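Morning, everyone. Please bring up the model on your screens, and we'll walk through it together.

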Amino acid sequence: MGTLDQIEELGQKAADAVAGAGVFPRVRVASDSDDESRPVYRFSFLIDVQKATLEHLGLIRIRLIQRLYDDLAAQNDEHLPQIRLLNQADWEEEARARPH
Amino acid sequence: MLDPTELLRLAQDLCLHPSRTHRILSSSALTEAELRRAVSTAYYALFHTLLKTAADRLVGDTQQATGAYSLVYRGFDHLHMKKGCEELRKRNLSGSVQKALKRSTVSSDTREFATAFIDLQVNRHLADYDPTEPFTQIDVQSQVEAAENAMQKFVSIAVDEQLDILAFLLVKTRS
């Protein structure tokens, strides 16, 4: 298990690999647990709506979760990935609501 | 007979209708109720796709009036399906799953379907039971599109693999 900074970096690399560089310019991560008390990372990805192909967001969403799951498993990190895709306004709102 | 694609269309209408999509660039303009119903309905579209495919394949699509059809259709359990999908999305299937399925791997379509099922179920729980969880339009849109994508992937999985998966997600095997 890495530091949250390292997990953020892992998230950014996964996002760039799945969606292309710049589509998700920022990522933040919080460590949490799910309703079965298993560890999870809650990834939030800022989406650049000018660069993103909104029609393919569903496929990008699933491939990004799958990539995060594989990358975490490869590091023997048992956290499960959960993600949120946010536009600029939602990103700023989340930062106010959940300061890191 | 319920058509799962009607559920998908309803979820799309709730968050992707042309009169609403222009608002995607701004902060969430849809109501919490609309966003939450879209999330929940998208999950159920995928859920019922799997149930209908199972009943059609295992009993027969001309047997909808039979008890067997209803029993298979209603025999699925949400939590068991989620646990099964957590196994199916692994890059390397565990030994017990390989033994159960009599196959060492599953296709990338199956892994993506399993990932979508888990993601949508987790969010369905949040949407229906956690009033404090924030939902945003762009995130909900991506979930609805993920449901559509997963439905398409599931029905395109090779029949022999699809049957193995359906049985695996339906039946609770002895460990």
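Which residues in H1(B) meet which residues in H8(B)? Keep in mind that this is a predicted model. On the H1(B) side we have B:Pro4, B:Leu8, B:Ala11, B:Gln12, B:Cys15 and B:Leu16. Facing them from H8(B) are B:Gln137, B:Val140, B:Gln141, B:Val144, B:Ala147, B:Glu148 and B:Met151. Sort that contact by class and you get nine nonpolar, three polar and one charged.

Now the geometry. H1 of chain B covers residues 4-16, and its axis comes within 10 Å of the axis of H8(B). The two cross at roughly 160°. That angle is over 145, so H1(B) counts as roughly antiparallel to H8(B). The crossing is left-handed.

Next pair, still chain B. H3 spans residues 32-60, and H7 spans 108-129. Their axes come within 8 Å and cross at roughly 140°. How are H3(B) and H7(B) therefore set to each other? They are oblique, because roughly antiparallel needs an angle over 145. This crossing is left-handed too.

Who makes the contact? From H3(B), it is B:Arg36, B:Val39, B:Ser40, B:Ala42, B:Tyr43 and B:Leu46. From H7(B), the list includes B:Phe117, B:Leu120, B:Arg124 and B:Asp128. By class, this contact has eight nonpolar, three polar and three charged residues.

On to the interface. How many residues of chain B are in contact with chain A? There are 22, and they touch 21 residues of chain A. H7(B) and H8(B) each supply at least two residues of the chain B side. H8, residues 137-156, gives the most, with eight. The class split on that side is five nonpolar, nine polar and eight charged. So H8(B) turns up twice in this talk: it meets H1(B), and it contributes to the side that touches chain A.

Last stop, chain A. Here three strands form an open sheet, in the order E1-E2-E3. The pairing is mixed. Which strands sit at the edges? E1, residues 26-33, and E3, residues 80-86, each pair on one side only. From one strand to the next, the twist averages 20°.

Look at E2(A), residues 39-46. This strand pairs with E3(A) in the parallel sense, over seven bridges. To find one of them on screen, pick A:Tyr41: its bridge partner in E3(A) is A:Pro81.

That's the tour. Thanks.

How values were computed. Residues numbered from 1 in each chain as written. Chains lettered and ligands numbered in written order. Predicted model: local features only at pLDDT ≥ 70, side-chain atom pairs only at ≥ 80, totals over all residues. Axes fitted to C-alpha atoms, helices over the stretch in contact; angles between N-to-C directions. Helix = DSSP H or I, 4+ residues; strand = E, 2+ residues; numbered from the N terminus. Parallel < 35°, antiparallel > 145°, perpendicular 65-115°, else oblique. Left-handed = near helix turned anticlockwise from the far one by under 90°. Contact = placed C-beta atoms within 7 Å. Nonpolar A, V, L, I, M, F, W, Y, C, P; charged D, E, K, R; others polar. Pairing = 2+ DSSP bridges.
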